[in-house]
Amino acid sequence: SFETYKRDAGAGLANLTEVAESIILDVGNKLSRNGDIPRGISKRGNLHALTDSMYASNACINCKPAIGGIMSYISTYRNTAHHTPKNRKQAHRKYKECKHGFIDGIKQINRFRDAFKNGLRISVGIVNF
């Protein structure tokens, strides 16, 4: 993601939001297999329904701040990263936000990964930046 970010900040941020989404889906699949959340909810691809189930699960009680943080990150920066600005002012704002979004994304992904790795003792795939 960082190599992409160095060439194109918007594309790098978009890539990082997709990494965050894939990590959420991976954790959701593992929780579903363990019976901690309803089966099939992670297969639908609806991140909000999945994270709501994770948040409501007793198994994720220690991970709630990380779940909230990563969902806030995705809702804040996903649209910024995937939509083309309509004018120069929007373009300036987008690329200014991309730097903050990329740094925040790294922090939120690490917090989410660590929370589930330490809180649930499930293996969460290692993300290389």
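**Exercise 1. Which residues in helix H3 (residues 47-56) are buried?**

A bit of housekeeping before the solution. This is a predicted model, in which local features need pLDDT of at least 70, side-chain atom pairs count only at pLDDT 80 or more, and totals for chains, interfaces and linings use all residues. Residues are numbered from 1 along each chain as its sequence is written, and side-chain values use heavy atoms, with hydrogens and water left out.

Step 1: get the terms straight. Buried means under 20% relative accessible area, exposed means over 50%, and partly exposed is in between (1.4 Å probe, protein chains only). Helices (H or I, at least four residues) and strands (E, at least two) are DSSP runs, numbered from the N terminus.

Step 2: read off the list. The buried residues of H3 are Leu 47, Leu 50, Thr 51, Ser 53 and Met 54.

Step 3: look down the axis. These buried residues fall within an arc of 155 degrees, so they line one face of H3. The arc is that of the directions from the helix axis to the C-beta atoms. Exposed Asp 52 and Ala 56 sit on the face turned away from the buried side.

**Exercise 2. Zoom in on Thr 51 and work out what it touches.**

Step 1: Thr 51 lies in helix H3, and it counts as buried because its relative accessibility is 3%.

Step 2: leave out residues up to four places away in sequence, and Thr 51 touches Ile 24, Ile 67 and Met 71. Contact here means heavy atoms within 4.5 Å.

**Exercise 3. Find the side chains that make polar contacts around the starts of H3 and H5.**

Step 1: the rule. A polar contact is a pair of N or O atoms within 3.5 Å; within protein, one must be able to donate a hydrogen and the other to accept it, and residues adjacent in sequence count only if both atoms are side-chain atoms.

Step 2: Asn 46 caps the N-terminal end of H3, with a side-chain oxygen 3.1 Å from the backbone nitrogen of His 48.

Step 3: Asn 87 is in the loop between helix H4 (64-82) and H5. Its side chain reaches the backbone nitrogen of Lys 89 at 3.1 Å, and a polar atom of that side chain lies 2.8 Å from the backbone nitrogen of Gln 90. Asn 87 counts as partly exposed because its relative accessibility is 41%.

**Exercise 4. Sort out the aromatic pairs.**

Step 1: rings of Phe, Tyr and Trp (its six-membered ring) pair if their centres lie within 6.5 Å; planes under 30 degrees apart count as stacked, over 60 as edge-to-face and the rest as tilted. A search of the whole structure turns up five pairs.

Step 2: Tyr 5 and Phe 102 are stacked, at 4.5 Å centre to centre with 25 degrees between the planes. This pair links distant parts of the chain, with Tyr 5 in helix H1 (residues 2-7) and Phe 102 in helix H5 (residues 88-119), 97 residues apart. Both Tyr 5 and Phe 102 are buried.

Step 3: Phe 112 and Phe 116 are tilted, at 4.8 Å and 50 degrees. Both lie in H5, four residues apart, about one turn of the helix.

Step 4: Phe 2, Tyr 5 and Phe 102 form one aromatic cluster.
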